[in-house]
Amino acid sequence: MEQIILLSEILIINLVLSGDNAVVIAMASKDLPRRQRKQAIWWGAVGAVLLRCIMTWVAVVLLKIPFIQAIGAILLIGIAFKLLIPHEDSNRSGKSATIWKAIQTILIADFVMSLDNVLAIAALANGDLAILVIGIAISIPIVVWGSSAISVLLHKLPILIYLGAGILGYTAGGMFIHDPKFGILLKALIPSLTGILPILLAGLVIMFGLLFKLKAHRQ
């Protein structure tokens, strides 16, 4: 009974943490043909979940590295910008290369976003590898379903692409603040910025996307 309760708790945490993953997977695969999009979603989701399993065991070490979350935040902002730029070379790169690029983006973003989340899962599992793996594995179909649903919405309502990129910018802002080293420096140098940094970065990413789209229309 205790293991069932523990498994349920880990599953709930994973479902909560999978919202950002679903957004990234959907945005990274949005420019692929339908069949390739499904493949990228499946492989990206499986890879993201496996990566989270591994990261849960090394998170304690990773989070002790100075400025690791701040560096991750910079990477995440770069990914958000990249996802707002249409892939013009999709016809040249070929099927496998295009899918691989999407999967690479998914895995890098998941690695970055999971840095400050996996500690909660590791603490709950308390060293029980079987419970940890089962709990995370169950979340695979939910991540896939969520990514597929969001991907359909992105095609019907392209404006949501900017919202998704904004979410990544907001997440990056939170990572800057929660970084043990960078967060302290930020509070010491610009204390007023700590409360609004996530919103500022979300707005910056969305503004970049809108300006890029305006420039593309003019050309």
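These legends accompany several close-up views of a predicted model.

**View 1. Segments listed as transmembrane regions.** The unreviewed UniProt entry lists residues 6-28, 40-60, 66-85, 106-125, 131-154, 159-177 and 189-212 under "transmembrane region". Two of these spans are worth a closer look. Residues 66-85 are 80% helix and 0% strand, with 31 Å between the end C-alpha atoms. For residues 189-212 the figures are 71% helix and 0% strand, and the end C-alpha atoms are 32 Å apart.

**View 2. A nonpolar patch on the surface.** Here you can find Phe67, Ile71, Leu75, Leu185, Leu189 and Ile190, which together offer about 570 Å² of accessible area. Helix H3 (68-83) and helix H9 (182-189) are the elements that each give two or more residues to this patch.

**View 3. Leu189 in helix H9.** Zoom in on Leu189, a member of the nonpolar patch that sits in helix H9. Leu189 counts as exposed because its relative accessibility is 70%, and the cut-off for exposed is over 50%.

**View 4. The two sides of helix H10.** Helix H10 covers residues 197-218, 22 in number, and runs 31 Å from first C-alpha to last, close to the expected 32 Å. Its buried residues are Leu197, Pro198, Leu201, Ala202, Val205 and Gly209. Looking down the axis of H10, the buried residues stay within an arc of 150°, so they line one face of the helix. An α-helix has 3.6 residues a turn, so residues three or four places apart point the same way. On the other side of H10, look for the exposed residues Ile199, Leu211, Lys215, His217 and Arg218.

Methods. Residues are numbered from 1 along each chain as its sequence is written. This is a predicted model: local features need pLDDT of at least 70, side-chain atom pairs count only at pLDDT 80 or more; totals for chains, interfaces and linings use all residues. Side-chain values use heavy atoms; hydrogens and water are left out. UniProt positions are given in the numbering used here, feature names are shortened, and annotations may be inferred rather than shown by experiment. Helices (H or I, at least four residues) and strands (E, at least two) are DSSP runs, numbered from the N terminus. Patches are made of residues with over 30% relative accessible area and no salt bridge: like charges are joined within 9 Å, nonpolar side chains (Val, Leu, Ile, Met, Phe, Trp, Tyr) within 5 Å. Accessible areas come from the Shrake-Rupley method with a 1.4 Å probe; for residues, only the protein chains shown count as cover. A salt bridge is a side-chain nitrogen of Lys or Arg within 4 Å of a carboxyl oxygen of Asp or Glu. Buried means under 20% relative accessible area, exposed over 50%, partly exposed in between (1.4 Å probe, protein chains only). The expected span of a helix is 1.5 Å times one less than its number of residues. The arc is that of the directions from the helix axis to the C-beta atoms.
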